[in-house]
Every structure is written in structure tokens, then in C-alpha cells.
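Biologist: I should like a close look at a single part of this model, namely its internal cavities. How many cavities of 30 Å³ or more does a search of the whole structure find? Please then place the answer in the wider setting of the chain.

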Amino acid sequence: GIKHVVVAVNKMDLVDYDQQAFERIKDEYTGFVAKLGIPDVQFIPMSALKGDHVVEKSDRTPWYFGPPLLSHLESVHIASDRNLTDMRLPIQYVLRPDLNFRGYAGTLSSGILKKGDEIISLPSGRRSHVKSIFTPDGERDEAFSPQAITVTLEDEIDISRGDMLVHHGDEPRVSAQIEAMIVWMGERPFVSGKSYWIKQATRTVGGEISEIRYAVDVNTLEKHPVSQLEMNEVGHVLLSLNQPIAHDPYRVNAATGAFIVIDRLTNNTVGAGMILEHTDRRAQGDIWGQTPIAGRLQRKQSSIAAPEREVRFGQKGATVLIYGLTGSGKASIAYALERRLWDSGRAVTVLYGPDMRQGLCRDLGFTADDRSENLRRSAEVARVLNDAGMLCICAFVAPHEAVRHKAREVVGEDRFFEVYLSAPVEACRQRDTSGAYTLADAGMMAQFPGISAAYETPARADLVLPTHELSIDDCVFQIEKSLRDRGFLGD
């Protein structure tokens with residue numbers, strides 16, 4: 001991440017200040033530095049013994065026209081190195097001096113924050129606007145990195161230490177799968193499967209190496225395969241975290257792209273990491289956002305208006321998202337609800353997570369991130385079905401609150417209905433017949449929601465059903481009644 005390097009070629013007096021000797025060394029270092037991607041490299045011929053180009057310029061090298069070392073160090077322009085574009089405010093502390101004040105304190109890692117800005121809290125995905133900004137010098141209309149500030153918001157949303165406030169439309173990636181370069185500093189080797197604490201900004205989560213892709217020879221920068229990283233070795237690894245974190249590539253934002261690795265037993269820092277650009281084809285930026293191609297495309301509007309379809313089908317096109325842990329009863333309730341609605345004359349279908357994996361989502365695994373991607377793709381399908389006037393029942397694990405929130409946005413707030421099945425993991429484990437929990441316990445299914453990955457319970461669901469206490473018929477009755485009350489089923 002170092003952007004400015006000075007190569008001080010000392011002892012020029014030993015070669016009688018020969019320009020060719022200097023140029024030869026310069027060419028060798030230039031070729032090596034090209035592999036590192038450092039944007040600013042300055043070469044200075046010097047003789048510390050004689051004082052040439054240390055503090056003042058020397059007339060012994062008439063072929064050198066640059067500044068002496070001290071002048072260069074004092075004049076290097078570093079203001080542009082700071083990222084003032086991407087606003088990132090990791091929350092360090094929540095201030096509640098009384099019932100009338102809730103402030104979120106932290107240091108602006110990057111960017112500029114202004115009063116009235118629309119922000120998103122990650123990883124929850126909740127939105128609000130900045131009400132006020134307080135600094136040690138009092139209230140201000142704006143703040144910039146690296147100021148320490150306290151922010152209040154227009155809305156009461158659940159934010160705690162480790163969360164991050166960002167601008168709407170400029171969100172970092174939120175994921176539990178991290179590609180990074182690790183510098184290992186522990187006496188014991190870094191091996192796959194061992195659990196560590198990963199501390200990034202103000203957030204600390206558990207995690208482990210799921211893959212060591214290669215190590216890097218620090219002298220030649222050559223890559224070679226390894227099964228572990230020894231002390232002082234550098235390697236490219238894939239980390240699997242127990243909870244998703246909001247992050248940027250280190251080269252874009254050092255503040256949110258850096259982390260340390262902590263031994264869970266000794267609490268010693270045993271490694272330092274720099275997050276890389278994601279090579280997974282599904283992880284290139286915000287997959288929900290506008291890509292350069294999608295930004296030039298326009299949706300084709302049907303000549304059949306939504307009210308015409310409502311008259312034909314006697315219903316409004318809508319999506320019912322039924323979600324919860326594996327074994328919570330999603331499929332049983334979804335298909336029973338489909339039967340009930342069909343028998344009453346409704347045009348309805350079910351999108352079930354495992355079924356989607358047979359075709360459109362057959363490339364996905366069973367990590368929390370892959371389960372969220374399964375929902376993302378299916379939400380686009382549900383939107384098309386809703387546009388056609390159909391009721392669509394979606395049954396998914398859907399472990400991430402932010403992805404559920406974005407699915408609601410894709411489908412449309414006015415035709416989206418969330419049903420959360422709140423059965424606890426113990427009940428789901430006893431009910432499960434797929435053997436998934438047994439595989440997760442044995443470490444054969446990484447990042448399994450509720451076991452090795454967190455399941456984010458909803459801050460707001462349209463209907464919550466404790467399926468460990470209710471029968472399938474009871475659940476179907478409550479969902480149907482709620483849909484009727486919301487006007488989705490017509491008269």
C-alpha cells in the first residue's frame with residue numbers, strides 16, 4: 001500500500017559519481033518495482049560521506065537534475081493519497097447519555113460526510129439521513145477523513161459497534177468470503193481449518209482459512225504452492241468468516257481493506273492482511289447495482305397494464321418470501337400455501353431454493369454468501385412473475401438481512417411480503433432430514449447458517465411464525481389472512 005518510494009543510491013563517491021553506474025542500478029530496481037505497482041519512485045544519487053544530495057544539491061553530479069534527499073522528503077505530495085470519495089464510518093461506540101440522544105461515534109476512515117446525506121448501515125442495509133455531526137470543536141455541517149466524529153440520524157435504527165455507515169449508492173462489498181494477502185507473524189504456522197479472530201476496522205469476527213492458494217517469495221515475487229504459511233511468509237489466502245463484514249479492496253481503501261489476525265487462545269496478533277479484488281465472477285462490485293452494460297439498458301414495458309392483469313386474475317402480482325433456518329418448515333408451508341391459493345382460484349407458483357439450484361443456480365454452493373446469491377437471482381425471477389400478474393411464493397434460507405432488503409427493493413415494496421419462520425436452531429436440527437446439520441457439525445459444509453455462520457434475524461418482518469409451536473395449517477391460515485388483509489388476493 002506504500003505509494004511513494006525513494007531509492008537512495010549511496011556511496012556514489014566510490015565510483016567517482018559515474019552516471020552509468022547509477023543508471024544501471026536504477027534500471028535493475030525499476031524492473032523489480034514494476035511488479036509491485038508502486039506509482040511514485042524517485043531515484044537519488046548520494047554520498048553520505050561527502051554530503052552529496054543529502055541536504056543540498058551537489059555539483060559533482062551535473063547529470064542529475066532532481067532534488068536532494070531531505071528536500072524531496074519534505075515536499076512529497078501525499079494529500080491526494082487519502083480517499084475522500086468513498087465515505088466509510090466504522091462505528092466504535094454508541095452514545096446514549098439520555099433517552100433523547102443516540103449518537104454513533106467513530107473515526108471517518110475515508111470520504112466526506114455532510115448533514116442531510118443519505119446513509120446505509122451495514123451489514124443490516126437499513127437507510128436513514130444524517131441529522132447532525134458533532135466533532136471535538138462542536139457541531140459541524142460536514143466532516144472528512146480522518147476526523148473523529150459523532151453522528152445522529154433522522155431515524156431510530158439498530159446500530160452497534162462494528163457496524164459501518166456508508167453513502168447510499170457507494171456501498172462496499174458485504175461478504176463472509178474474503179480473498180487477501182496475509183503476512184504471517186506467528187511462531188506456529190498458519191494452516192487451513194484453524195479458527196482465529198479477524199479484526200477489521202472496529203469489527204471482530206471469527207474465521208478460518210478455507211484455502212491457501214499460494215505463497216510469495218519476497219525476494220523474487222515468485223508464487224509457489226504451499227500447505228501452510230511459516231513465520232514471515234506472505235501468502236494469498238481465502239478466508240471464511242462466521243459473519244459478513246463490509247470491506248473494500250486494500251488498494252482502493254486501506255482503512256477498510258486491512259485487517260489483523262488474532263490467536264483466539266493467546267490473544268496475540270499473529271498476522272496482518274490486505275483484502276484483494278474478488279476474482280469470483282459473482283463478486284465484481286455490487287452485483288445488485290448498475291454495471292456499465294446494464295446502465296445502458298432499458299426495461300421494455302408490456303402493453304398490458306398491471307390493472308388489466310388484476311382484473312383478469314382477480315389478484316395483484318406479489319411475492320411472499322418465506323425464510324428461516326434449514327429445517328424451519330419453509331418448503332412444507334410454501335407448497336401447502338400454494339395448494340390453498342390454487343384451490344381458491346389464484347394463479348400462483350413456488351420458487352424453492354433447492355429447486356433453483358437444479359438450473360439457474362446450479363453453480364452455487366451452500367455458504368451463507370451462496371444462499372444469498374440464490375435469493376438474489378430468484379428475486380429477479382419473482383419480479384418477472386409478478387409483472388405477469390402471478391403470485392410467487394419464495395422459500396429460501398436467506399441468511400443476510402441486507403440481501404432480503406434488496407430483494408424487497410427489486411420486487412417492489414408494495415408487492416413484497418416477508419414471512420420469517422422463527423424456529424430455533426435446536427428445533428430445526430431435530431426436524432431436519434437432509435443430514436445438513438450433521439455435515440455442518442463435521443466441518444464438511446462451510447459457512448452453514450446457524451452453525452458456522454451467523455443467521456441475521458430480521459429487524460422487521462411482515463409476519464413472524466414460530467413454526468416449532470404452530471402447525472402447517474395454522475401457518476398457512478395466518479399467511480393467507482395477511483395477504484387478504486393487504487389486498488393481494490382481491491375481494
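**The largest cavity and its setting**

Modeller: Three cavities of 30 Å³ or more are found when the whole structure is searched. A cavity here is a set of points, on a 1 Å grid over the protein atoms alone, where a 1.4 Å probe fits but cannot get out; grid points are joined across faces, edges and corners, and the volume is the space filled by probe spheres set on the points. The structure is a predicted model, in which local features need pLDDT of at least 70 and side-chain atom pairs count only at pLDDT 80 or more, while totals for chains, interfaces and linings use all residues. Residues are numbered from 1 along each chain as its sequence is written, and side-chain values use heavy atoms, with hydrogens and water left out.

The largest cavity holds about 60 Å³ of space. Its lining (residues with an atom within 4 Å of a point) is formed by Pro90, Leu122, Pro123, Gly162, Asp163, Met164, Gln200, Ala201, Thr202, Arg203, Ile245 and Ala246. Seven of these lining residues are nonpolar, three are polar and two are charged. In this scheme Ala, Val, Leu, Ile, Met, Phe, Trp, Tyr, Cys and Pro count as nonpolar, Asp, Glu, Lys and Arg as charged, and the others, Gly among them, as polar.

Two of the lining residues, Leu122 and Pro123, are joined by a cis peptide bond with omega near 15 degrees. Pro123 belongs to the loop between strand E7 (118–122) and E8. Strands (E, at least two residues) and helices (H or I, at least four) are DSSP runs numbered from the N terminus. A second cis peptide bond links Ser145 to Pro146, with omega about 5 degrees; Pro146 is placed in the loop between strand E10 (142–144) and strand E11 (148–153).

Strand E8 spans residues 126–135 and includes Arg126. This arginine counts as buried because its relative accessibility is 15%; buried means under 20% relative accessible area, exposed over 50%, and partly exposed in between, with a 1.4 Å probe and protein chains only. The side chain of Arg126 makes a polar contact of 2.6 Å with that of Glu401. A polar contact is a pair of N or O atoms within 3.5 Å; within protein, one must be able to donate a hydrogen and the other to accept it, and residues adjacent in sequence count only if both atoms are side-chain atoms. Leaving aside residues up to four places away in sequence, Arg126 touches Ile119, Ile120, Ser121, Ile157, Glu401, His405, Ala459 and Arg460, where contact means heavy atoms within 4.5 Å.

Before helix H8 (401–411) comes the loop that follows strand E24 (391–396), and Pro399 lies in this loop. Pro399 counts as buried because its relative accessible area is 0%. Its C-alpha atom is 10 Å from that of Pro244, although the two are 155 residues apart along the chain.

Ser175, in strand E13 (residues 173–184), is also classed as buried because its relative accessible area is 0%. A polar contact of 2.9 Å joins the side chain of Ser175 to that of Arg173.

Some loop residues elsewhere also merit description. Lys11 and Tyr17 are residues other than glycine with positive phi, near 60 degrees for Lys11 and near 55 degrees for Tyr17. Lys11 is in the loop between strand E1 (4–9) and helix H1 (19–33), and Tyr17 likewise lies between E1 and H1. Lys11 counts as exposed because its relative accessibility is 52%, whereas Tyr17, at 11%, counts as buried. Gly51 is in the loop between strand E2 (40–45) and helix H2 (69–75) and, with a relative accessible area of 35%, is partly exposed. The C-alpha atoms of Gly51 and Val261 are 44 Å apart, with the two positions 210 residues apart along the chain.

For the chain as a whole, there are 11 helices and 26 strands, and 45% of its 491 residues count as buried. The C-alpha atoms occupy a box of roughly 100 × 55 × 50 Å along the principal axes. Of contacts between residues at least 6 apart in sequence, 70% join residues at least 24 apart. The chain exposes about 25,100 Å², of which carbon and sulfur atoms supply 52%; accessible areas come from the Shrake-Rupley method with a 1.4 Å probe, and for residues only the protein chains shown count as cover.

Key. On a 1 Å grid over the protein atoms alone, a cavity is a set of points where a 1.4 Å probe fits but cannot get out, and a pocket is an open set with protein on both sides within 12 Å along at least five of seven lines; lining residues have an atom within 4 Å of a point.
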